[in-house]
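Biologist: Could you take me on a close look at the enclosed spaces in this one? I'd like to hear about the cavities, and then whatever you have on the aromatic rings.

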Amino acid sequence: MTLRSFEDRVFVLAVLLPIALLVAALIYVPAVDTLRTSLTNRNLRQPNRPIEFVGLSNYQRLLTGNEMWQVTERSLTVVALTLPLELALGLGVALLLNERFPGRGIVRTLVILPWMLPPVVNGFLWGWLLNGEYGALNGLLYQFGLIDQYRFWLRDPASQLTWVAIVQTWTRFAFPMIILLAGLQSIPVDLYDAAEVDGAGWLARFRFITFPFLLPSFAIALIVEFIASFQIFDVIWTLTAGGQTGGAINPGTKTLMLYNYELVFRDLRIAVGSALSYLIMLMSLAVGLFFVVRLYNQGTKR
Amino acid sequence: MIALPWRKWLRLTIIYALCGVVLFWALAPIYWVIVSSVSTRAELYSAPYKVWFPSAPTLQNYVDLFTTGPRYRDGGFLPTADLMGAGMRNSLIYSLATAAAVTIMSTLSGYVFARMRFRLKGMIFFLFLLMMPLPIWVSLIALYFIMSQVGLVDNLLGLILITTTLLLPLNIWLMTTYIRDLPQDLEDAAFVDGCGRWQLMASVIIPLARPGMTAVFLVALLSAWNSFLVPLIFSTTARSQPVTVVLSFFIGQYEVAWEAMSAAAVMTMLPPMLLALFFQRYLVRGLTVGAVAGT
């Protein structure tokens with residue numbers, strides 16, 4: 001129905017206006033402001049310098065310098081390590097929980113727990129687990145005779161990104177697991193029966209029935225988890241970032257989000273930080289727009 | 001008991017063994033932090049041999065946390081009592097208010113988008129959704145200076161407004177699709193009876209949409225309690241810092257008191273854990289349905 005009366009108009013306005021104002025004032029206006037700032041030389045370390053328009057030179061400096069590429073490489077490394085781990089683990093647990101057995105509901109509830117916890121706590125949990133002096137991993141491996149002295153797992157810069165990926169996997173594997181489990185449960189059972197009659201083994205059934213049916217679920221999990229690990233911040237902050245109390249941020253795990261935080265709130269290079277935020281947006285634009293258009297179509301269909 | 005064929009036994013044995021491995025992976029870190037929080041420092045630091053269950057479990061770490069407690073740096077050295085107490089209080093107000101605001105706004109606007117027709121509706125809906133994939137920094141950098149000019153930095157109201165706005169698009173979408181799929185005959189009957197829109201919301205839509213609203217409320221509650229980056233930037237003192245930010249200050253520059261830190265971590269994760277254990281169905285649905293539709 002179209003807005004029939006004055007009363008309907010007031011209703012729509014009363015509902016949408018506060019939300020529109022919030023979204024405009026807190027998201028879109030600042031986003032435009034950030035874009036404008038990225039074209040200037042604003043730097044809070046030099047508050048007395050007049051703010052001038054400098055064109056795209058902040059972008060140019062970021063794109064031609066080394067640091068942004070190193071940081072981007074770290075972010076992509078986290079993504080490349082996390083996605084296969086998460087999807088493999090998610091698929092494994094989904095296949096397990098797709099079986100019928102007493103206690104399945106309880107196992108499902110408990111397996112999901114890490115996903116529900118604050119990621120910033122998860123970083124701390126693992127930092128304590130991996131602690132070099134008193135950590136539980138050391139204790140466990142030592143008691144089983146697998147190491148003969150305690151190790152500082154997080155100290156070696158080369159392995160830090162791997163640990164970040166492992167903790168991120170621990171935090172998020174429940175999401176692909178649930179998506180894949182739902183996919184598994186949507187496969188018609190008679191397909192398997194028919195295949196069994198035709199003499200297809202377990203592997204053939206997985207290859208020709210389960211896997212093709214699961215592809216859409218894989219795609220969903222991949223996209224959501226790509227965004228989540230590309231924009232990782234909280235877990236790194238308590239696991240390996242260092243510098244929580246104002247010191248330097250550990251370069252070994254400085255990913256894009258941490259670099260942006262450092263530029264703006266530590267180095268106070270507002271303009272360069274603003275430019276970086278728009279570069280990050282460009283990097284994730286394709287994935288994000290695809291997502292939004294799908295949601296829009298789903299939400300507006302009759 | 002009837003003896004099962006050996007193949008069934010074998011199958012169950014393998015399944016439970018695998019469940020054991022999976023549960024160990026998922027729960028061991030949580031178990032360890034809970035054990036740490038009820039251990040004495042002497043026992044906890046007894047390397048190289050670990051005690052996997054404290055010989056004399058104690059709640060002293062929790063008592064310390066909320067009374068005298070060790071001191072941690074937060075600008076000056078503050079006793080944990082002030083920080084933790086304030087942090088829990090702030091988190092509670094922050095997440096409850098955010099969840100309430102998100103639920104009310106997304107239910108009302110979900111109804112508007114699902115049932116009413118007006119000019120620019122599609123565009124407004126699209127603009128709400130479009131903010132979702134924006135990397136948070138694009139807005140946060142300039143927003144920080146805007147908020148500090150209007151006095152909403154280090155202010156719970158500021159945190160609630162920002163987090164509510166960030167959570168709105170997905171939840172508006174959720175409520176729009178939820179209300180769209182509700183049967184319409186009750187609404188039609190109410191209109192025939194001369195019912196106004198507000199009255200219709202109160203007497204028809206809200207009772208029917210309650211399961212969807214519950215999912216939205218719980219997801220928003222969990223998301224706000226778990227959020228870290230926004231409060232890290234916008235809260236500068238104990239006046240508005242939620243407990244996630246307080247916890248991050250416990251990681252000192254030189255030393256961490258792991259037993260007290262563990263107690264603080266357990267306090268931080270207890271509310272989400274309870275939500276997850278009691279309302280898992282709602283949370284899982286709310287957290288996945290948008291993702292599934294979006295791809």
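Modeller: Here is a walk through the cavities, followed by the aromatic rings and one helix. Keep in mind that this is a predicted model.

Let's start with the empty space. Rolling a probe the size of a water molecule over the atoms shows where such space is left. Searching the whole structure turns up two cavities of 30 Å³ or more. The largest cavity holds about 1800 Å³ of space. It has 49 lining residues, and the ones closest to its centre are Arg172(A), Ala228(A), Gln231(A), Leu167(B) and Ser223(B). If you're wondering which helix gives the most to that lining, it's H7 of chain B (residues 156-180), with six residues. As for the chemistry of the wall, 34 of the lining residues are nonpolar, 13 are polar and two are charged.

The second largest cavity comes in at about 60 Å³. Its lining is made of Trp32(B), Val35(B), Ser39(B), Glu43(B), Leu44(B), Ser46(B), Lys50(B), Val51(B), Phe53(B) and Pro54(B). Two helices of chain B, H1 (6-37) and H2 (41-44), each put at least two residues into that lining. Here the split is six nonpolar, two polar and two charged.

Now for the rings. Counting over all chains gives 33 aromatic pairs. Take Phe124(A) and Trp258(B): their ring centres are 5.7 Å apart and their planes meet at 20°, so this pair is stacked, given that stacking calls for planes under 30 degrees apart. This pair crosses between chains, with Phe124(A) sitting in helix H5 (residues 119-129) of chain A and Trp258(B) in helix H13 (residues 258-278) of chain B. Both Phe124(A) and Trp258(B) are buried.

There's also an aromatic cluster made up of Phe233(A), Trp237(A), Tyr261(A), Phe265(A), Trp137(B), Tyr144(B), Phe145(B), Phe228(B) and Phe234(B). One of its members, Phe145(B), has the charged end of Arg42(A) over its ring, 4.7 Å from the centre. You'll find another charge over a ring in chain A, where the charged end of Arg207(A) sits 4.8 Å from the ring centre of Phe208(A).

Last, have a look at helix H4 of chain A (residues 104-116). Its 13 residues reach 19 Å from first C-alpha to last, close to the 18 Å expected at 1.5 Å a residue. Its buried residues are Val107(A), Thr109(A), Val111(A), Ile112(A), Leu113(A), Pro114(A), Trp115(A) and Met116(A).

Note on methods
Residues are numbered from 1 along each chain as its sequence is written. Chains are lettered from A and ligands numbered from 1 in the order in which they are written. This is a predicted model: local features need pLDDT of at least 70, side-chain atom pairs count only at pLDDT 80 or more; totals for chains, interfaces and linings use all residues. Side-chain values use heavy atoms; hydrogens and water are left out. Rings of Phe, Tyr and Trp (its six-membered ring) pair if their centres lie within 6.5 Å; planes under 30 degrees apart count as stacked, over 60 as edge-to-face and the rest as tilted. Helices (H or I, at least four residues) and strands (E, at least two) are DSSP runs, numbered from the N terminus. Buried means under 20% relative accessible area, exposed over 50%, partly exposed in between (1.4 Å probe, protein chains only). A charge sits over a ring if NZ of Lys or CZ of Arg is within 6 Å of the ring centre and within 35 degrees of the ring normal. The expected span of a helix is 1.5 Å times one less than its number of residues. On a 1 Å grid over the protein atoms alone, a cavity is a set of points where a 1.4 Å probe fits but cannot get out, and a pocket is an open set with protein on both sides within 12 Å along at least five of seven lines; lining residues have an atom within 4 Å of a point. Grid points are joined across faces, edges and corners, and a volume is the space filled by probe spheres set on the points. Ala, Val, Leu, Ile, Met, Phe, Trp, Tyr, Cys and Pro count as nonpolar, Asp, Glu, Lys and Arg as charged, and the others, Gly among them, as polar.
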